[in-house]
Amino acid sequence: MIGVFWNVRGLNGSSKSTRVQELIRAHHPDFICLSESKKENFTSSQLEAIDTGLEFVWNWLPATNTAGGVLVGVKEDVIDIISCDIHTFSVVLMLRTKNDNSMWRLISVYGSAYDAFKLDFVQELHRVSDMWAGPTIIGGDFNLFRFPNEKSRGRFDNDWPVIFNDVIDSLDL
C-alpha cells in the first residue's frame, strides 16, 4: 500500500495539477491526501486534470474562503470506500482493501492556522479518533508543532506543543 500526504498550498493553478499528476505517475499511490487545497469545490474536469487516468474516487473538505481545504483520493481498483465523513478540519474514510478485505481508516487533516480555532481542531481529533479502535492512518497539515525547533519563523507559543503532544500520546500515535 502506497499513500501520499502533501500540503499543496493551493490547487487553483494548472501547474499544481500538473505536479500532482507527476506525483501520481512517479509513485503510483493507492491513496493521496492533499491539504490546503484552497478550493471550496471541485468540478469533474478539475479532478480529471489531476487524475488523468480516472483511477481515484475523490472526496473533499471545502476550503473556507481561501483557507484550508482537503482533497482525498483512493484508487478504486484497490480500495473500497465504506463510509466518508467530512468534519470541520478532517476527511475521515472507512476503507476496505480489496485484496485481503482488511478494514482500516484514513484521516486527512488540515488544522487551523488560527489560534482561535486550534482547540476546536484538537477536540475534533479526539472525537474522530474515538470512533474506531482499529488500524488508522492519519496525516496532513496539523498546523501545530511538537517542539520549538520545528518552527522556522515567527512566534512560538509554548502552550500548543503541550496540548498537541498530549493528543499524540492519548491517541497512541
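## Fold at a glance

Walk along the sequence and you'll meet the elements in the order β-α-β-α-β-β-β-β-β-α-β-α. That adds up to four helices and eight strands in the protein. Keep in mind that this is a predicted model.

## Overall shape and surface

How does the radius of gyration compare with that of a compact globule? For 173 residues, such a globule would come out near 16 Å, and the protein has 16 Å, so the two agree. Along the principal axes, the C-alpha atoms fill a box of roughly 45 × 35 × 25 Å. Among contacts with a separation of 6 or more, 57% are between residues 24 or more positions apart.

As for what's inside and what's outside, 43% of the 173 residues count as buried. The protein exposes about 9,300 Å², and carbon and sulfur atoms supply 49% of that area. On the charge side, there are 16 positive and 23 negative side chains, with the centres of the two sets 6 Å apart.

## Strand E2 and isoleucine 32

Strand E2 covers residues 31–35, and isoleucine 32 is part of it. Is isoleucine 32 buried or exposed? Its relative accessible area is 0%, so it counts as buried.

Who are its contacts? Leaving aside residues up to four places away in sequence, isoleucine 32 touches Val4, Val20, Leu23, Ile24, Phe56, Trp58, Leu71, Val72 and Gly73. Take Trp58 from that list: tryptophan 58 is 26 residues from isoleucine 32 along the chain, and their C-alpha atoms are separated by 9.4 Å.

## Aromatic pairs

The structure holds seven aromatic pairs. One of them joins phenylalanine 5 and phenylalanine 31 edge-to-face, at 5.9 Å centre to centre and with 75° between the planes. This pair links distant parts of the chain, with phenylalanine 5 in strand E1 (residues 3–7) and phenylalanine 31 in strand E2, 26 residues apart. The two partners differ in cover: phenylalanine 5 is partly exposed because its relative accessibility is 33%, while phenylalanine 31, at 3%, counts as buried.

Phenylalanine 42 and tryptophan 60 also pair edge-to-face, with 5.4 Å centre to centre and 65° between the planes. Why does this pair tie together parts that are 18 residues apart in sequence? Because phenylalanine 42 lies in the loop between E2 and helix H2 (44–50), whereas tryptophan 60 lies in strand E3 (residues 56–61). Phenylalanine 42 is buried at 6% relative accessibility, and tryptophan 60 is partly exposed at 23%.

Elsewhere, ring pairs link Phe89, Phe121, Phe142 and Phe164 into a cluster.

## The loop between E2 and H2

Back to the loop that holds phenylalanine 42. Glutamate 36 is found there too, and so is lysine 38. Which backbone angle is worth a look in glutamate 36? Its phi is positive, about 55°, although the residue is not a glycine. Lysine 38, another residue other than glycine, also has a positive phi, near 60°.

Their side of the story on accessibility is this: glutamate 36 has a relative accessible area of 13%, so it counts as buried. Lysine 38 counts as partly exposed, with 29% relative accessibility.

Definitions and conventions. Residues are numbered from 1 along each chain as its sequence is written. This is a predicted model: local features need pLDDT of at least 70, side-chain atom pairs count only at pLDDT 80 or more; totals for chains, interfaces and linings use all residues. Side-chain values use heavy atoms; hydrogens and water are left out. Helices (H or I, at least four residues) and strands (E, at least two) are DSSP runs, numbered from the N terminus. The radius of gyration is taken over C-alpha atoms; the globule rule is 2.2 Å times the number of residues to the power 0.38. Buried means under 20% relative accessible area, exposed over 50%, partly exposed in between (1.4 Å probe, protein chains only). Contact means heavy atoms within 4.5 Å. Accessible areas come from the Shrake-Rupley method with a 1.4 Å probe; for residues, only the protein chains shown count as cover. Lys and Arg count as positive and Asp and Glu as negative; His and the chain ends are not counted. The place of a charge is taken as NZ of Lys, CZ of Arg, CG of Asp or CD of Glu. Rings of Phe, Tyr and Trp (its six-membered ring) pair if their centres lie within 6.5 Å; planes under 30 degrees apart count as stacked, over 60 as edge-to-face and the rest as tilted.
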